[in-house]
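Hi everyone, thanks for making room for me this week. I'd like to walk through one structure, starting from the empty space inside and working outward.

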Amino acid sequence: MTETQTRTGCAVSFTGAVKAYGAVRAVDGVDLRIQRGETVALLGRNGAGKSTAISLLLGLNAPDAGTVELFGGEPERAVRAGLVGAMLQEARAVPRVTVRELVRFVAGRYPDPLPLGQVLELAGITDLAARRVDRLSGGQTQRVRFAVALAGNPALLVLDEPTAALDVEARRAFWESMRAYARGGRTVLFSTHYLEEADAHADRILVLDRGRIVADGTSERLRQAAGGSLVAFDLAGRGREGLELLPGVRAVEVRGDRARLRTDDSDATVVALAGMGAIRNLEVAPASLEDAFLALTAADAEAGGAQAADAEAGGAPNATEGSGGTDETDEMETV
């Protein structure tokens with residue numbers, strides 16, 4: 001694989017990719033293209049299929065149908081060529097080795113690694129270089145995992161919940177380092193439960209729900225798709241009847257005596273509310289990424305619960321049977 005191939009065109013390609021564990025389709029016909037140099041966030045509820053999608057991308061599992069490619073070839077080929085670095089949740093500390101020894105060993109497996117000092121500095125672990133890996137705190141271990149992912153100078157960096165166990169200051173330092181690395185033209189794919197991280201650091205956001213991509217775009221585009229603004233006011237005992245018919249309104253939520261309207265046209269919605277005399281304690285704000293995420297995934301939640309109940313009643317096989325890799329059932333509990 002030439003250097004030109006890794007610098008241009010498509011870095012990640014899913015075409016009709018399917019991966020099932022028994023009756024559960026953890027990845028269900030995913031079509032996806034990530035171009036070289038993009039920084040992409042992967043979001044999803046617990047059990048949405050994120051970990052399985054990442055395992056397919058890294059060649060840890062093979063799709064049951066469809067194809068997955070990295071830089072135009074099989075994932076295993078790209079991994080062997082040193083084009084991929086990964087920071088996974090399930091990695092375990094190596095006993096009786098220092099941070100420096102571990103990072104140097106990993107870097108030595110790649111054809112064009114970063115200098116050791118640069119890796120340690122990027123990961124913020126220069127002061128930990130002489131420490132044993134198995135005696136570090138959770139946050140320190142997470143930074144070592146980042147260093148291991150960076151060590152080979154990969155063209156594609158895959159980060160699965162990279163800031164788990166990091167405090168606020170460490171999270172800020174991590175993203176500064178990630179952006180510095182990505183500025184060199186590298187491709188970054190990261191999953192996270194911190195929606196503000198996706199909002200702040202991703203060029204593009206993918207939302208996965210029940211194994212399918214339900215949204216793909218910038219943070220602003222996702223917010224607009226879910227209803228661009230929120231209008232909230234006190235009902236003062238009037239009830240919610242007719243609110244969903246107001247101009248611009250996409251969804252209505254009532255909590256106690258307060259209504260929240262998701263709307264495409266907040267001005268028209270407020271004018272209509274004023275005509276009804278319903279503007280007590282009125283608030284208007286742009287929709288957040290969290291609002292968009294909840295709107296995009298809530299519609300499938302009831303169907304998902306019914307499917308899970310059916311599977312339990314029918315004695316669906318354990319997700320680990322025949323999988324040979326990532327257990328999506330575990331993901332539903334822990335991711």
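Before anything else, a definition: a cavity here is a set of grid points where a 1.4 Å probe fits but cannot get out, and its lining residues have an atom within 4 Å of a point. Also, keep in mind that this is a predicted model.

Okay, so how many cavities of 30 Å³ or more does a search of the whole structure find? Just one. The volume of this largest cavity is about 100 Å³. Around it you'll find Phe 14, Val 30, Leu 32, Ile 34, Leu 42, Ala 53, Ile 54, Leu 57, Leu 189, Leu 206, Leu 208 and Ile 213. Three elements give two or more residues each to that lining: strand E2 (24-35), H2 and E8. And what about the chemistry of the wall? By class it comes out as twelve nonpolar residues, no polar ones and no charged ones.

Let's take two of those elements in turn. Helix H2 covers residues 50-57, and eight of its eight residues are buried. If you want to click through them, that's Lys 50, Ser 51, Thr 52, Ala 53, Ile 54, Ser 55, Leu 56 and Leu 57. So there's a lysine on that buried list, Lys 50, while Ala 53, Ile 54 and Leu 57 are among the residues on the cavity wall. Just past the helix, Gly 59 has a positive phi of about 80°.

Then E8, residues 204-209, which pairs antiparallel with strand E9, residues 212-217, over five bridges. Leu 208 has Ile 213 as its bridge partner in E9, and both Leu 208 and Ile 213 turn up in the cavity lining. The E8 and E9 hairpin has two residues between the strands, and Arg 210 there takes a positive phi near 50°.

That brings me to backbone angles. Most residues other than glycine have a negative phi. So which others should you look at? One is Phe 71, with phi near 50°. Phe 71 sits in the loop between strand E4 (65-70) and helix H3 (75-80), and its relative accessible area is 5%, so it counts as buried. Another is Glu 161, with a positive phi of about 50°, in the loop between E6 and H7. Is Glu 161 buried or exposed? Buried, at a relative accessible area of 7%.

Next stop, helix H6, residues 138-150. Quick sanity check on the geometry: at 1.5 Å a residue, its 13 residues should span 18 Å, and the end C-alpha atoms are 19 Å apart, which agrees. The buried residues in H6 are Gly 139, Gln 140, Thr 141, Gln 142, Val 144, Phe 146, Ala 147, Ala 149 and Leu 150. They pack against strand E5 (84-87), helix H4 (99-107), helix H5 (116-122), strand E6 (156-160) and helix H7 (168-182).

Zooming in on Thr 141: why does it count as buried? Because its relative accessibility is 14%, and the cut-off for buried is under 20%. Leaving aside neighbours within four places in sequence, Thr 141 is in contact with Val 133 and Leu 136. Val 99 is 42 residues away in sequence, and the C-alpha to C-alpha distance from Thr 141 is 9.4 Å.

Over in strand E5 there's Val 84, buried at 6% relative accessibility. Not counting residues up to four places away in sequence, Val 84 touches Leu 58, Leu 70, Ala 78, Val 79, Tyr 110, Pro 154, Leu 156 and Val 158. From Val 84 to Ala 155 you go 71 residues along the sequence, but 6.1 Å in space between C-alphas.

Last one: strand E10, residues 229-234. Six of its six residues are buried, so E10 is largely enclosed by the rest of the structure. In a regular strand the side chains alternate between the two faces of the sheet. Here Ser 229, Val 231 and Phe 233 point one way, Leu 230, Ala 232 and Asp 234 point the other way, and all are buried. As for partners, E10 pairs antiparallel with strand E12 (residues 258-263) over six bridges, and is joined by five bridges to strand E13 (residues 280-286), also running antiparallel. Leu 230 is a handy reference point: it stands opposite Arg 262 in E12, and its bridge partner in E13 is Ala 285.

That's my tour, happy to pull any of it up on screen.

Notes: Residues are numbered from 1 along each chain as its sequence is written. This is a predicted model: local features need pLDDT of at least 70, side-chain atom pairs count only at pLDDT 80 or more; totals for chains, interfaces and linings use all residues. Side-chain values use heavy atoms; hydrogens and water are left out. Helices (H or I, at least four residues) and strands (E, at least two) are DSSP runs, numbered from the N terminus. Buried means under 20% relative accessible area, exposed over 50%, partly exposed in between (1.4 Å probe, protein chains only). Contact means heavy atoms within 4.5 Å. Two strands pair if DSSP finds at least two bridges between them. On a 1 Å grid over the protein atoms alone, a cavity is a set of points where a 1.4 Å probe fits but cannot get out, and a pocket is an open set with protein on both sides within 12 Å along at least five of seven lines; lining residues have an atom within 4 Å of a point. Grid points are joined across faces, edges and corners, and a volume is the space filled by probe spheres set on the points. Ala, Val, Leu, Ile, Met, Phe, Trp, Tyr, Cys and Pro count as nonpolar, Asp, Glu, Lys and Arg as charged, and the others, Gly among them, as polar. The expected span of a helix is 1.5 Å times one less than its number of residues.
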